[in-house]
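Let's take a friendly walk through a protein chain, one piece at a time. Keep the sequence and the 3D view at hand as you read.

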Amino acid sequence: MEQIRMNDDNLMDLMACAVVVLDADLCVAYMNQSAEMLFGQSLQRMRSSNITYLVHSDVFHAQLRLAWQLNEPQAVREQVMYLLDEQPITVDCIITPVYEYEPRKITGLLLEMQRVDRQMRIVREKQILNQQQAVHELVRGIAHEIKNPLGGLRGAAQLLEAELENPELKEYTQIIIAEADRLKHLVNGMLGPGKLPCREPVNIHEVLEYVRNLVEIEGAANVRFIRDYDPSIPELLGDRGQLVQVCLNIVNNAVRAVGESGTIWLRTRILRQFTIQQRRHRLVLRADICDDGEGVPAHLIDKIFLPMVSGHADGSGLGLAIAQALLRQHGGLIQCESVSGYTCFSILIPLDRGEGTDGNQPG
């Protein structure tokens, strides 16, 4: 049998972990293929570039200096970093000093970097879906117990109103009937959409433009909209009315967040081999609605899609919960990332028309 000879570079390029070797000036001396994929740059182009130019993260830079000063390996866990394209990624990184033959003389640093944001996203998504399912079942039980007495209360008020001769007293029964109807509407809203989507070919850009024009007419004329659409995205099979409701809710929240003036970004992209609800899809539409407002409060970020949770004093707390339920009926999901001065809601919808594979596969 013919033997396959492999040199060190071949072995390093087979590793899924991104390996970067830095010299004494913290400049790139070597990158394997996984590192080239992580940074989106070739070794030939990045050789002799300082790592602080490639990676923007104060915590990461501090750990590099610490590894050099202490002569000891350092670990960076689940650290958000910004690469050259300014897109955030989350990585685990082991920083190991590299020595010459002479003991304890450092000549550089070895970085072993593993991207973990995809695994974190899948775990977080599963937790959110399980949490929403549990809350939905609880709400269904409570709604059943509320709607029955509300119907009796409303009926009794109507019978009482028919017996009253004084028109002034009928005003009180009308209040009872109106409040019963309001509570019934609120409970129905907590239960989410009551019908399945009517699927038809929908152009997501037409939906976003319709929503943008609508909010501008309603008073957001001073808000600046920046559109970054991918014209190659095909039509999706979905319920246009429901998708308009989803986008309108998120855009209205963004308008409220930026106030009288601010910027809202509408962006569409295609994701390949992407996992939603533990199923991997060949093609997924991603529509981002981002704003430069104050951001979602940290204590609400994990609860923002639950019923009755709102970051606004006058909010009902049902808009995002209903929007998430509508997207789930399309096999999709809404994700939210928020820091002070930047919030992004991402609408994810499969484009492979129901096809999908087990989410445990890569993707």
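## Cysteines, a helix and some charged pairs

C344 has a relative accessibility of 5%, so this cysteine counts as buried, the cut-off being under 20%. C336 is in no disulfide, and the nearest cysteine sulfur, that of C344, is 8.1 Å away from its own. C336 is buried too, with a relative accessible area of 5%. Please keep in mind that you are looking at a predicted model.

**The bonded pair**

Which cysteine forms a disulfide with C344? The partner is C290, and the two sulfur atoms are 2.4 Å apart. For a disulfide, the sulfur atoms have to be within 2.5 Å. C290 sits in strand β10 (residues 279–291) and C344 in strand β12 (residues 342–350), so their bond ties together parts that are 54 residues apart in sequence. C290 has a relative accessibility of 0%, so C290 counts as buried. A search through the whole structure finds one disulfide.

**The chain as a whole**

Now step back for a wider view. The chain has 363 residues, of which 41% count as buried. Its secondary structure consists of 10 helices and 13 strands. About 20900 Å² of the chain is exposed, and carbon and sulfur atoms supply 52% of that area. Now take the contacts between residues at least 6 apart in sequence: 62% of them join residues at least 24 apart.

**Helix α8**

Next, find helix α8, which covers residues 204–217. How many residues does α8 have? The helix has 14, and the distance from its first C-alpha to its last is 20 Å, close to the 20 Å expected at 1.5 Å a residue. At its N-terminal end, N203 acts as a cap: a side-chain oxygen of N203 lies 2.8 Å from the backbone nitrogen of H205. Just after the helix, G219 takes a positive phi of about 130°.

Several residues of α8 are buried: I204, H205, V207, L208, E209, V211, R212 and V215. What covers them? The cover includes the strands β6 (200–202), β7 (223–228), β8 (236–238), β9 (262–276) and β10, along with helix α9 (240–258). You have already met β10, since C290 lies in that strand.

Let's zoom in on V211, a residue of α8. V211 has a relative accessibility of 2%, so V211 counts as buried. Which residues does V211 touch, leaving out those up to four places away in sequence? The answer is V244, C247, L248 and V251. One of these, L248, is 37 residues away from V211 along the chain, yet the C-alpha atoms of the two are separated by 5.7 Å. Another, C247, counts as buried because its relative accessibility is 2%.

**Salt bridges**

Charged side chains come next. The count of salt bridges comes to eight. Here are three of them, with the separation of their N and O atoms.

| Salt bridge | N to O distance |
|---|---|
| E209 and R212 | 2.8 Å |
| D288 and R267 | 3.3 Å |
| R286 and D288 | 2.8 Å |

E209 and R212 both belong to helix α8, where they are three residues apart, about one turn of the helix. Are these two buried or exposed? Both are buried. E209 has a relative accessible area of 19%, so E209 falls under the 20% cut-off. R212, at 11% relative accessibility, counts as buried as well. The pair is also part of a network of salt bridges that links E209, R212, E216 and R227.

D288 forms a salt bridge with R267. D288 lies in strand β10 and R267 in strand β9, so this pair ties together parts that are 21 residues apart in sequence. D288 also meets R286 in a salt bridge. How covered are these side chains? D288 counts as buried, at 4% relative accessibility. R286 is partly exposed, with a relative accessible area of 26%.

**Putting it together**

Strand β10 is a good place to end your tour. It holds C290, whose disulfide partner C344 lies in β12. The strand also holds D288, whose salt-bridge partner R267 lies in β9. And β10 is among the elements that cover the buried residues of α8.

Methods. Residues are numbered from 1 along each chain as its sequence is written. This is a predicted model: local features need pLDDT of at least 70, side-chain atom pairs count only at pLDDT 80 or more; totals for chains, interfaces and linings use all residues. Side-chain values use heavy atoms; hydrogens and water are left out. Helices (H or I, at least four residues) and strands (E, at least two) are DSSP runs, numbered from the N terminus. Buried means under 20% relative accessible area, exposed over 50%, partly exposed in between (1.4 Å probe, protein chains only). Contact means heavy atoms within 4.5 Å. Accessible areas come from the Shrake-Rupley method with a 1.4 Å probe; for residues, only the protein chains shown count as cover. The expected span of a helix is 1.5 Å times one less than its number of residues. A polar contact is a pair of N or O atoms within 3.5 Å; within protein, one must be able to donate a hydrogen and the other to accept it, and residues adjacent in sequence count only if both atoms are side-chain atoms. A salt bridge is a side-chain nitrogen of Lys or Arg within 4 Å of a carboxyl oxygen of Asp or Glu.
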